[in-house]
Amino acid sequence: MEVIIFIPILFLSIILHEFAHGWVAYRMGDDTAYYAGRLTLNPLKHIDPVGTLVVPAMCYFLHFPLFGWAKPVPVNPMRFPRPRQDMGKVAAAGPACNLLLALICVLVMKIFLLTQNHFTVQTLEQVFVFLQYGMFINVFLAVFNLIPIPPLDGGRVVAALLPMRTAFKYELFFSRFGMWVVFALILTGAVQFLLLPPTRIIVGLLSKILTL
(Lines give C-alpha, C1' and ligand atoms only; values in the text may rest on other atoms or scores of the structure.)
Protein backbone atom coordinates (compact mmCIF):
# COMPACT_ATOMS: atom_id res chain seq x y z
CA MET A 1 0.00 0.00 0.00
CA GLU A 2 2.84 2.38 0.84
CA VAL A 3 4.46 1.72 -2.54
CA ILE A 4 1.19 2.54 -4.33
CA ILE A 5 1.14 5.92 -2.57
CA PHE A 6 4.89 6.63 -2.49
CA ILE A 7 5.89 6.07 -6.13
CA PRO A 8 3.23 8.27 -7.84
CA ILE A 9 3.83 11.16 -5.41
CA LEU A 10 7.61 11.04 -5.88
CA PHE A 11 7.16 10.67 -9.65
CA LEU A 12 4.86 13.71 -9.90
CA SER A 13 6.97 15.81 -7.53
CA ILE A 14 10.16 15.23 -9.51
CA ILE A 15 8.45 16.06 -12.81
CA LEU A 16 6.94 19.30 -11.47
CA HIS A 17 10.36 20.17 -10.06
CA GLU A 18 11.89 19.99 -13.55
CA PHE A 19 8.95 21.78 -15.14
CA ALA A 20 9.50 24.68 -12.70
CA HIS A 21 13.11 25.04 -13.91
CA GLY A 22 11.96 25.27 -17.52
CA TRP A 23 9.05 27.61 -16.77
CA VAL A 24 11.20 30.12 -14.87
CA ALA A 25 13.87 29.97 -17.58
CA TYR A 26 11.19 30.66 -20.20
CA ARG A 27 9.84 33.60 -18.22
CA MET A 28 13.33 35.10 -18.11
CA GLY A 29 13.93 34.83 -21.83
CA ASP A 30 15.24 31.33 -22.53
CA ASP A 31 12.94 29.28 -24.76
CA THR A 32 15.31 26.30 -25.07
CA ALA A 33 13.08 24.03 -22.97
CA TYR A 34 10.00 25.19 -24.87
CA TYR A 35 11.40 24.30 -28.29
CA ALA A 36 12.76 21.02 -26.93
CA GLY A 37 9.19 20.07 -26.01
CA ARG A 38 10.01 20.04 -22.30
CA LEU A 39 7.84 22.92 -21.15
CA THR A 40 4.96 20.53 -20.58
CA LEU A 41 3.35 18.57 -17.75
CA ASN A 42 3.29 15.44 -19.92
CA PRO A 43 5.22 13.01 -17.68
CA LEU A 44 6.52 11.00 -20.64
CA LYS A 45 8.61 14.02 -21.70
CA HIS A 46 10.40 14.16 -18.34
CA ILE A 47 11.00 10.51 -17.50
CA ASP A 48 14.57 9.38 -17.02
CA PRO A 49 14.34 5.56 -16.88
CA VAL A 50 17.05 5.29 -14.25
CA GLY A 51 16.49 8.43 -12.18
CA THR A 52 12.70 8.52 -12.26
CA LEU A 53 11.91 4.82 -12.01
CA VAL A 54 14.78 2.52 -11.04
CA VAL A 55 16.62 4.61 -8.43
CA PRO A 56 13.55 5.69 -6.40
CA ALA A 57 12.29 2.10 -6.33
CA MET A 58 15.69 0.83 -5.16
CA CYS A 59 15.89 3.54 -2.49
CA TYR A 60 12.49 2.54 -1.19
CA PHE A 61 13.09 -1.21 -1.04
CA LEU A 62 16.64 -0.83 0.35
CA HIS A 63 15.42 1.72 2.92
CA PHE A 64 17.71 4.46 1.62
CA PRO A 65 16.67 8.14 1.75
CA LEU A 66 14.37 9.23 -1.06
CA PHE A 67 16.39 10.00 -4.16
CA GLY A 68 15.61 10.37 -7.81
CA TRP A 69 15.63 12.72 -10.75
CA ALA A 70 13.82 13.45 -13.96
CA LYS A 71 15.45 14.18 -17.30
CA PRO A 72 17.10 17.62 -16.78
CA VAL A 73 15.37 20.48 -18.57
CA PRO A 74 17.74 22.12 -21.09
CA VAL A 75 18.62 25.69 -20.15
CA ASN A 76 20.84 28.18 -21.99
CA PRO A 77 22.07 30.80 -19.47
CA MET A 78 23.34 33.00 -22.32
CA ARG A 79 19.72 33.80 -23.16
CA PHE A 80 19.25 35.48 -19.76
CA PRO A 81 19.77 39.22 -19.11
CA ARG A 82 22.15 38.33 -16.22
CA PRO A 83 23.33 34.76 -16.91
CA ARG A 84 24.92 33.92 -13.55
CA GLN A 85 22.31 35.49 -11.29
CA ASP A 86 19.38 34.33 -13.40
CA MET A 87 20.72 30.79 -13.51
CA GLY A 88 20.59 30.85 -9.72
CA LYS A 89 16.91 31.79 -9.91
CA VAL A 90 16.21 28.94 -12.34
CA ALA A 91 17.99 26.51 -10.00
CA ALA A 92 16.01 27.76 -6.98
CA ALA A 93 12.72 27.29 -8.85
CA GLY A 94 12.82 23.48 -8.47
CA PRO A 95 13.07 23.36 -4.65
CA ALA A 96 10.63 26.28 -4.42
CA CYS A 97 8.12 24.27 -6.44
CA ASN A 98 8.48 21.31 -4.07
CA LEU A 99 7.93 23.54 -1.04
CA LEU A 100 4.84 25.01 -2.71
CA LEU A 101 3.51 21.50 -3.34
CA ALA A 102 4.09 20.64 0.33
CA LEU A 103 2.18 23.78 1.34
CA ILE A 104 -0.68 22.85 -0.99
CA CYS A 105 -0.87 19.40 0.64
CA VAL A 106 -1.21 21.04 4.07
CA LEU A 107 -3.84 23.50 2.87
CA VAL A 108 -5.90 20.68 1.36
CA MET A 109 -5.64 18.79 4.66
CA LYS A 110 -6.87 21.93 6.44
CA ILE A 111 -9.87 22.14 4.09
CA PHE A 112 -10.73 18.51 4.80
CA LEU A 113 -10.47 19.17 8.54
CA LEU A 114 -12.84 22.10 8.29
CA THR A 115 -15.34 20.05 6.28
CA GLN A 116 -14.77 16.67 7.94
CA ASN A 117 -18.45 16.23 8.77
CA HIS A 118 -19.10 15.65 5.07
CA PHE A 119 -16.74 12.66 4.84
CA THR A 120 -16.43 9.23 6.40
CA VAL A 121 -13.60 8.50 8.81
CA GLN A 122 -12.12 6.02 6.32
CA THR A 123 -12.10 8.62 3.54
CA LEU A 124 -10.41 11.17 5.79
CA GLU A 125 -7.75 8.67 6.84
CA GLN A 126 -6.94 7.74 3.24
CA VAL A 127 -6.78 11.37 2.12
CA PHE A 128 -4.57 12.36 5.05
CA VAL A 129 -2.14 9.49 4.48
CA PHE A 130 -1.75 10.52 0.83
CA LEU A 131 -1.33 14.22 1.63
CA GLN A 132 1.08 13.59 4.51
CA TYR A 133 3.27 11.55 2.18
CA GLY A 134 3.04 14.38 -0.36
CA MET A 135 4.07 16.97 2.20
CA PHE A 136 7.02 15.01 3.55
CA ILE A 137 8.34 13.84 0.17
CA ASN A 138 8.25 17.35 -1.29
CA VAL A 139 9.93 18.94 1.72
CA PHE A 140 12.62 16.24 1.63
CA LEU A 141 13.18 16.74 -2.10
CA ALA A 142 13.47 20.50 -1.62
CA VAL A 143 15.99 20.14 1.20
CA PHE A 144 17.93 17.48 -0.71
CA ASN A 145 18.17 19.61 -3.85
CA LEU A 146 19.36 22.58 -1.80
CA ILE A 147 22.51 20.75 -0.73
CA PRO A 148 25.20 23.22 -1.90
CA ILE A 149 26.98 20.75 -4.17
CA PRO A 150 26.76 21.10 -7.96
CA PRO A 151 25.05 19.69 -9.98
CA LEU A 152 22.30 19.91 -7.34
CA ASP A 153 20.23 23.09 -7.37
CA GLY A 154 21.75 24.35 -4.14
CA GLY A 155 25.19 24.27 -5.73
CA ARG A 156 24.00 26.39 -8.64
CA VAL A 157 22.36 28.87 -6.27
CA VAL A 158 25.60 29.20 -4.29
CA ALA A 159 27.61 29.64 -7.51
CA ALA A 160 25.26 32.46 -8.55
CA LEU A 161 25.88 34.25 -5.25
CA LEU A 162 29.68 33.88 -5.16
CA PRO A 163 32.13 36.30 -6.82
CA MET A 164 32.82 35.21 -10.38
CA ARG A 165 36.35 33.90 -9.81
CA THR A 166 35.38 31.98 -6.68
CA ALA A 167 32.28 30.60 -8.40
CA PHE A 168 34.39 29.34 -11.30
CA LYS A 169 36.73 27.42 -8.97
CA TYR A 170 33.78 26.14 -6.97
CA GLU A 171 31.98 24.78 -10.05
CA LEU A 172 35.21 23.42 -11.56
CA PHE A 173 35.94 21.34 -8.46
CA PHE A 174 32.43 19.98 -8.07
CA SER A 175 32.01 19.30 -11.79
CA ARG A 176 34.57 16.54 -11.25
CA PHE A 177 33.63 15.29 -7.80
CA GLY A 178 30.17 16.67 -6.98
CA MET A 179 28.04 13.71 -8.03
CA TRP A 180 30.44 11.28 -6.36
CA VAL A 181 30.09 13.24 -3.11
CA VAL A 182 26.30 13.10 -3.40
CA PHE A 183 26.31 9.34 -4.05
CA ALA A 184 28.68 8.81 -1.11
CA LEU A 185 26.34 10.74 1.19
CA ILE A 186 23.42 8.59 0.07
CA LEU A 187 25.11 5.19 0.14
CA THR A 188 26.68 5.76 3.57
CA GLY A 189 23.41 7.03 5.00
CA ALA A 190 25.09 10.31 6.02
CA VAL A 191 22.53 12.24 4.00
CA GLN A 192 19.87 11.32 6.57
CA PHE A 193 21.73 13.14 9.34
CA LEU A 194 22.09 16.20 7.10
CA LEU A 195 18.57 16.34 5.72
CA LEU A 196 16.17 14.88 8.27
CA PRO A 197 16.61 17.65 10.91
CA PRO A 198 15.76 20.55 8.54
CA THR A 199 13.06 18.42 6.91
CA ARG A 200 11.40 17.80 10.27
CA ILE A 201 11.61 21.50 11.16
CA ILE A 202 9.91 22.55 7.91
CA VAL A 203 7.28 19.80 8.20
CA GLY A 204 6.62 20.90 11.77
CA LEU A 205 6.16 24.52 10.71
CA LEU A 206 3.81 23.53 7.89
CA SER A 207 1.83 21.27 10.21
CA LYS A 208 1.09 24.21 12.49
CA ILE A 209 -1.30 25.42 9.79
CA LEU A 210 -3.56 22.48 10.73
CA THR A 211 -3.94 23.84 14.27
CA LEU A 212 -4.86 27.39 13.25
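How many nonpolar, polar and charged residues are in the lining of the largest pocket? By class, that lining holds 16 nonpolar, six polar and three charged residues. The model on screen is predicted, and the tour begins at this pocket.

**Stop 1: the largest pocket**

The space in the largest pocket comes to about 530 Å³. Select Glu18, His21, Pro72, Pro151 and Asp153: of the 25 lining residues, these are the closest to the centre of the pocket. Next, colour helix 1 (2-27), helix 4 (83-114), helix 5 (121-145) and helix 6 (153-161), each of which supplies at least two residues of the lining. Helix 1 gives the most, with five residues.

**Stop 2: the largest cavity**

Stay with helix 1 and add helix 3 (49-61). How many cavities of 30 Å³ or more are there? The count comes to one, and the volume of the largest cavity is about 30 Å³. To find the largest cavity, select its lining: Ile7, Leu10, Phe11, Ile14, Thr52 and Pro56. Helix 1 and helix 3 are the elements that give two or more residues to this lining. The largest share, four residues, comes from helix 1. By class, the lining of the cavity has five nonpolar residues, one polar residue and no charged residues.

**Stop 3: helix 7**

Now select residues 164-187, which make up helix 7. Put a distance between the C-alpha atoms at its two ends; they are 33 Å apart. Why does that agree with the expected span? At 1.5 Å a residue, the 24 residues of helix 7 should span 34 Å, so the distance of 33 Å fits.

Centre the view on phenylalanine 177, where helix 7 bends by about 55°.

Then show the side chains of the buried residues of helix 7: Ala167, Tyr170, Phe174, Gly178, Val182, Leu185 and Ile186. An α-helix has 3.6 residues a turn, so residues three or four places apart point the same way. Keep that in mind while looking along the helix at Ala167, Tyr170, Phe174, Gly178 and Val182, which are among the buried residues.

What covers the buried residues of helix 7? Turn on helix 4, helix 5, helix 6 and helix 8 (190-207), which are included in the cover. Two of the helices in this cover, helix 4 and helix 5, were also coloured at the largest pocket, where each supplies at least two lining residues.

**Stop 4: just after helix 7**

Finish at glycine 189. Just after helix 7, this residue takes a positive phi of about 85°.

Definitions and conventions:
Residues are numbered from 1 along each chain as its sequence is written. This is a predicted model: local features need pLDDT of at least 70, side-chain atom pairs count only at pLDDT 80 or more; totals for chains, interfaces and linings use all residues. Side-chain values use heavy atoms; hydrogens and water are left out. On a 1 Å grid over the protein atoms alone, a cavity is a set of points where a 1.4 Å probe fits but cannot get out, and a pocket is an open set with protein on both sides within 12 Å along at least five of seven lines; lining residues have an atom within 4 Å of a point. Grid points are joined across faces, edges and corners, and a volume is the space filled by probe spheres set on the points. Ala, Val, Leu, Ile, Met, Phe, Trp, Tyr, Cys and Pro count as nonpolar, Asp, Glu, Lys and Arg as charged, and the others, Gly among them, as polar. The expected span of a helix is 1.5 Å times one less than its number of residues. The bend at a residue is the angle between axes fitted to the seven residues ending there and the seven starting there. Buried means under 20% relative accessible area, exposed over 50%, partly exposed in between (1.4 Å probe, protein chains only). Contact means heavy atoms within 4.5 Å.
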